[in-house]
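Open the model in your viewer and keep the sequence panel beside it. The tour goes from one residue to a helix and ends with the whole chain.

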Amino acid sequence: MSVTDPQPPASDPRSDAAQEALHDRIAADSLTTRRDYLRIVATVSGGLAVGGVAVASGILHRHGDSDGPPEAKKIADGILPGESLAFRYPGSEDRAVAVRLEDGTLAGYSAVCTHLACAVLWRKERGSEGELYCPCHEGVFDARTGEVTAGPPPRGLPKVVLVEEADGSVWAIGTARSGESAREGLCRQLGDDRPELADRLGCPGASARGTAPERSERT
């Protein structure tokens, strides 16, 4: 009787190719930290089902949904070109990201993917201006506009309106829904609460709202 060592089953070439592709993708993304990957794993394993149900039922909170103007919040003493900053706005549970493009443009967005609410990450080295990337399903957003450039997200990222003061500090002052400009979002949120600011922004009907009606006096 001959005895032979058991041989491992032949590997599936398709599985090997998929593993190599995954390894290459992770190795190439050197800007994503270990904490980012732990968050991604937790999101994929524990949050996708809940997020999918919430998105499908329309109950998931989105940046820009509130009608009233959120309070201004200082998020940084300064942001240099090519840098990004994760922060919370307008609420403590609302993930957001600010990026400074190489030409100095400052942009802020919700950091929650519009597909299934996974975390959106900043990747400086991708493309000519960097990109905002959702690793759950390969969603990609334009860093300058927030619009979808690849993957399954159905709409662009809601905006967080940022302003820079003379001392270089960066403040979040409002939000805008997907497809809205920063001005449109601010005008909608200001409404009748801040007519003077709405007038300065040139919001439709702002002057009329800010003008008190004349009172007629009988003699």
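Select E147 in this predicted model. Is E147 buried, partly exposed or exposed? Its relative accessibility is 37%. Buried means under 20% and exposed means over 50%, so E147 counts as partly exposed.

Now show the backbone around E147. The residue sits in the loop that runs between β7 (139–142) and β8 (148–150). Next, display the residues that E147 touches. Setting aside neighbours within four places in sequence, E147 is in contact with V140, F141, D142 and G156.

Add G179 to the selection. Along the sequence, E147 and G179 are 32 residues apart, while in space their C-alpha atoms are 8.3 Å apart.

Move on to helix α4, residues 182–190. Which residues of α4 are buried? Colour G185, L186, C187, Q189 and L190, which are the buried ones. In an α-helix there are 3.6 residues a turn, so residues three or four places apart point the same way.

To see what covers the buried residues of α4, switch on its surroundings: the cover includes β9 (159–164), β10 (170–176) and α5 (195–201). Then step to G191, which follows α4 and has a positive phi, near 50°.

Finally, zoom out to the whole protein chain. Count 6 helices and 10 strands. Of the 219 residues in the chain, 34% are buried. Turn on the surface: the chain exposes about 13500 Å², and 53% of that is supplied by carbon and sulfur atoms. Among contacts between residues at least 6 apart in sequence, 42% join residues at least 24 apart.

Notes. Residues are numbered from 1 along each chain as its sequence is written. This is a predicted model: local features need pLDDT of at least 70, side-chain atom pairs count only at pLDDT 80 or more; totals for chains, interfaces and linings use all residues. Side-chain values use heavy atoms; hydrogens and water are left out. Helices (H or I, at least four residues) and strands (E, at least two) are DSSP runs, numbered from the N terminus. Buried means under 20% relative accessible area, exposed over 50%, partly exposed in between (1.4 Å probe, protein chains only). Contact means heavy atoms within 4.5 Å. Accessible areas come from the Shrake-Rupley method with a 1.4 Å probe; for residues, only the protein chains shown count as cover.
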